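Dear colleague,

I am passing on a structure that you have not worked with before. Please look through it at your own pace, and then read the notes underneath.

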Amino acid sequence: MTIQVTRVARALGAVVSGVDLSDELSQPDIDRLGELLIEHQILFFRGQPITPQQHARFAARFGTLHVHPIYPVLPELPEIMLIDTHPGFLPDNDNWHTDVTFSQTPPMAGILAAKLLPAAGGDTLWSSSSAVYETLSAPLRLFLEGLTAQHSVAKSFPAERWANDPASKSRYERAVAKHPPVNHPVVRTHPVSGRKGLFVNEGFTTHINELSPHESQAVLAFLFAQAGRPELTVRWNWKVDDIAFWDNRVTQHYAIADYLPERRTMHRATVNGDKPF
Ligand code: SIN
């Protein structure tokens, strides 16, 4: 199998072809994809009609799989999260976020498969947190180094959304009780590349611990805004059976919610990660 790689944006992103993700891939192919993920931060694959089982099998080659404590999952395979958005289940991921930073050990990767798409719209943007960090001036980087920020599950998952039926309410309450707010460094070092990246996100980060509330709010507003700088992002226009595989340690993403009342259905496998440092 010859893997081909084409970059799609300056800061991050490459399209990978010559690989069939429904196959049991060889270890050299998995290693190559792992290296490409570190290099490009997000890999896109076109035309990969994988089943949920093949999706989970591919993801599990990179680590153990996370089961989302709040979001719907496939009943027969809870390692596959279901993002099925429509007028009866509104999108809530149209904000810049890194997945599951409310955990002490946030995921190392997300693998998203497009199953059902609107006629137009529903693109996703990813931003490179290392590219953002590298645009900051040396004095600002120095100021941010050594700071820590708190991340909370309740910021992105407000109780009202999950209170509409007793089963989802009780699952939500258990998840919140199990995930008290956690602290992570504001600047994270990638455990493989050694590259530094900003590790705060609008979805889950509530405040910087060492600053006063007003200072924290102002600094975070500035840092959150940097994720959306177009030159530091890549935008993907989905086709059914596309797959995106991102390094969650060094990226944020934003799913554009411009398609209602049409429906958009995605499956996500999430690979567990390490404690940020
Ligand atoms: C996500 O927020 O993890 C999924 C993004 C998307 O639905 O495009």
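The notes below deal with the ligand and its surroundings, and then with the cavities.

Please keep in mind that this is a predicted model. The ligand is surrounded by I83, N93, H97, D99, L112, T124, H253, A255, R264, M266 and R268, a shell that divides into 4 nonpolar, 4 polar and 3 charged residues. Two strands, β15 (251-255) and β16 (264-271), each supply at least two residues of this shell, and β16 has the largest share with 3 residues.

Three side chains place polar atoms close to oxygen atoms of the ligand: that of R264 has an N or O atom 2.7 Å away from one, that of H253 has a polar atom at 3.1 Å, and that of N93 has a polar atom at 3.3 Å. Of the 260 Å² of accessible area that the ligand has on its own, the protein covers 99%.

A search of the whole structure gives 3 cavities of 30 Å³ or more, and the ligand takes up the space of the largest cavity, whose volume is about 250 Å³. Its lining consists of 22 residues, with M81, N93, H97, D99 and R268 lying nearest the centre. Two or more lining residues come from each of β5 (77-85), β15 and β16.

The second largest cavity holds about 40 Å³ of space, and S127, S129, V132, L198, V200, L223, A227 and Q252 line it. Here α3 (129-135) and α7 (213-227) are the elements that give two or more residues, and the lining has 5 nonpolar, 3 polar and no charged residues.

With best wishes

How values were computed: Residues are numbered from 1 along each chain as its sequence is written. This is a predicted model: local features need pLDDT of at least 70, side-chain atom pairs count only at pLDDT 80 or more; totals for chains, interfaces and linings use all residues. Side-chain values use heavy atoms; hydrogens and water are left out. A residue is near a molecule or strand if one of its heavy atoms lies within 4 Å of it. A polar contact is a pair of N or O atoms within 3.5 Å; within protein, one must be able to donate a hydrogen and the other to accept it, and residues adjacent in sequence count only if both atoms are side-chain atoms. Accessible areas come from the Shrake-Rupley method with a 1.4 Å probe; for residues, only the protein chains shown count as cover. On a 1 Å grid over the protein atoms alone, a cavity is a set of points where a 1.4 Å probe fits but cannot get out, and a pocket is an open set with protein on both sides within 12 Å along at least five of seven lines; lining residues have an atom within 4 Å of a point. A molecule sits in a cavity or pocket if more than half of its atoms lie within 2 Å of its grid points. Helices (H or I, at least four residues) and strands (E, at least two) are DSSP runs, numbered from the N terminus. Ala, Val, Leu, Ile, Met, Phe, Trp, Tyr, Cys and Pro count as nonpolar, Asp, Glu, Lys and Arg as charged, and the others, Gly among them, as polar. Grid points are joined across faces, edges and corners, and a volume is the space filled by probe spheres set on the points.
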